[in-house]
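Let's take a walk through a protein model together. Keep the structure in view and follow along from the inside to the outside.

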Amino acid sequence: MLLLTLWAAITLNFILPRLMPGSPADAALAKLAQNGPVSDATKAAIEAQLGVPTGNILEQYVAYLHQVVTLDFGVSYTFYPQSVSELVSTALPYTLVLVGVVTIIAFVLGTLLGVLAAWKRGTWLDTLPTLAGSFASAFPYFWTALLLLFFAGYVGRLFPTSGAYGPTATPAFTIGFLGDAIYHAALPALTILITSLGGWILGMRNTMISTIGDDYVTFAEANGLKPRTVALRYAARNAILPNLTSFGLALGGVVGGSILVERVFGYPGIGYLLFNAVTNQDYPLMQALFLMITVSVLIANFLVDILYGVLDPRTRR
């Protein structure tokens, strides 16, 4: 199923960009047209320079499959003459660190708060995180990002408003650069954490409440086990399975980044790169990014299926 789904995703990845109206050379031709009419020879030269696909759709598909196998997606139309591989390798670490780390933190923190809220149901330890989570998750990413950008960036001037590091900094594995990078990533990270934490809290709380009423939890309590042991090793272990599925999807989507958040903050990650690729009909860059996102989601779900067997022995039968 993994291989079949991967082939279907690769094929759709080839088809979808070509369903968009226009061609990749239209943006360049539009700029030239501002200075006067553009001849057919000029248009052909620009298309040849950008490497616009030629031949029938079958020939393009075969060439595309060869690119997938060799991981060679050519040159980006938007950032010509940079190669797609160079662009992706530059942007990927920023997204993995920003979105990946924050997603893991939000999952762990939200799951623990959900367990606590369900175990202390009816008390302030339940009401406070539940209400706060519901309130925070009600706002979309970009709206929260704009609020933080305005108040913490422009009004308070507490954090930078764009970029992954300062204009005078040079990317390197040094304490100074890492500190500057963390400082610039603070607002995007806070945006993702605020808007995603509520979902983990509410999801874990709801499944935990239904699990607490099961017989094996009651039996564990009757045997005199500590409340912490019953909550974590018995109730939470089974209640976490739906959250684990969602975590697999979220972790697989890390490669795609948070497009709107990166766009608002001008953060040079995969999401920002994907936005520019779609806007400029950059086929090679779009196909490479979509393929990365698809493969990462499929692998993450595959690993979650394996982990299910570890957490729930019933699934091995």
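**From the core to the surface**

Start with Leu 285: leaving out residues up to four places away in sequence, it touches Ser 76, Phe 79, Val 84, Leu 87, Val 88, Leu 273 and Ala 277. Bear in mind that what you're looking at is a predicted model.

Now zoom out a bit from Leu 285. It's one of the residues with the most contacts inside the largest nonpolar core, and it shares that role with Tyr 64, Phe 73 and Leu 289. This core has 22 residues altogether. Several helices chip in two or more residues each: H1 (2–19), H4 (57–70), H5 (84–119), H12 (270–279) and H13 (283–311). Of these, H13 gives the most, with 7 residues. There's another core too, lying apart from that one: it has 18 residues, including Met 204, Met 208, Val 230 and Ile 240.

What about the outside? Look for a nonpolar surface patch of about 880 Å², made by Phe 142, Trp 143, Leu 146, Leu 147, Phe 150, Phe 151, Tyr 154, Val 155 and Leu 260. Which helix brings the largest share of the patch? That's H7 (residues 141–155), with 8 residues. Phe 151, for instance, sits in this helix. You might find a greasy surface surprising, because in soluble globular proteins nonpolar side chains tend to be buried together.

Here a database record is worth a look. An unreviewed UniProt entry lists residues 94–119, 131–155, 181–202, 247–265 and 285–311 under "transmembrane region". Check two of those spans in the model. Residues 94–119 are 100% helix and 0% strand, with the end C-alpha atoms 37 Å apart. Residues 131–155 come out at 88% helix and 0% strand, and there the end C-alpha atoms are 28 Å apart.

Next, step into the loop between H7 and H8, where you'll meet Arg 157. Its phi is near 50 degrees, a positive value in a residue other than glycine. Is Arg 157 buried or exposed? It counts as exposed, because its relative accessible area is 67% and the cut-off for exposed is over 50%.

Leu 158 lies in that loop between H7 and helix H8 (175–212) as well. With a relative accessible area of 52%, Leu 158 is exposed too. Still, it has some company: setting aside neighbours within four places in sequence, Leu 158 is in contact with Ala 152, Gly 153 and Tyr 183. Leu 158 and Tyr 183 are 25 residues apart along the chain, and their C-alpha atoms are separated by 9.7 Å.

Technical notes: Residues numbered from 1 in each chain as written. Predicted model: local features only at pLDDT ≥ 70, side-chain atom pairs only at ≥ 80, totals over all residues. Heavy atoms only, no water. Patch = residues over 30% accessible without salt bridge, like charges linked within 9 Å, V, L, I, M, F, W, Y side chains within 5 Å. Areas by Shrake-Rupley, 256 points an atom, 1.4 Å probe, with all protein chains shown as cover. Salt bridge = Lys/Arg side-chain N within 4 Å of Asp/Glu carboxyl O. Helix = DSSP H or I, 4+ residues; strand = E, 2+ residues; numbered from the N terminus. UniProt positions renumbered as here; feature names shortened; annotations may be inferred. Buried < 20%, exposed > 50% of the residue type's maximum accessible area, 1.4 Å probe, protein only. Contact = heavy atoms within 4.5 Å. Core = buried A, V, L, I, M, F, W, Y, C linked by side-chain atoms within 4.5 Å.
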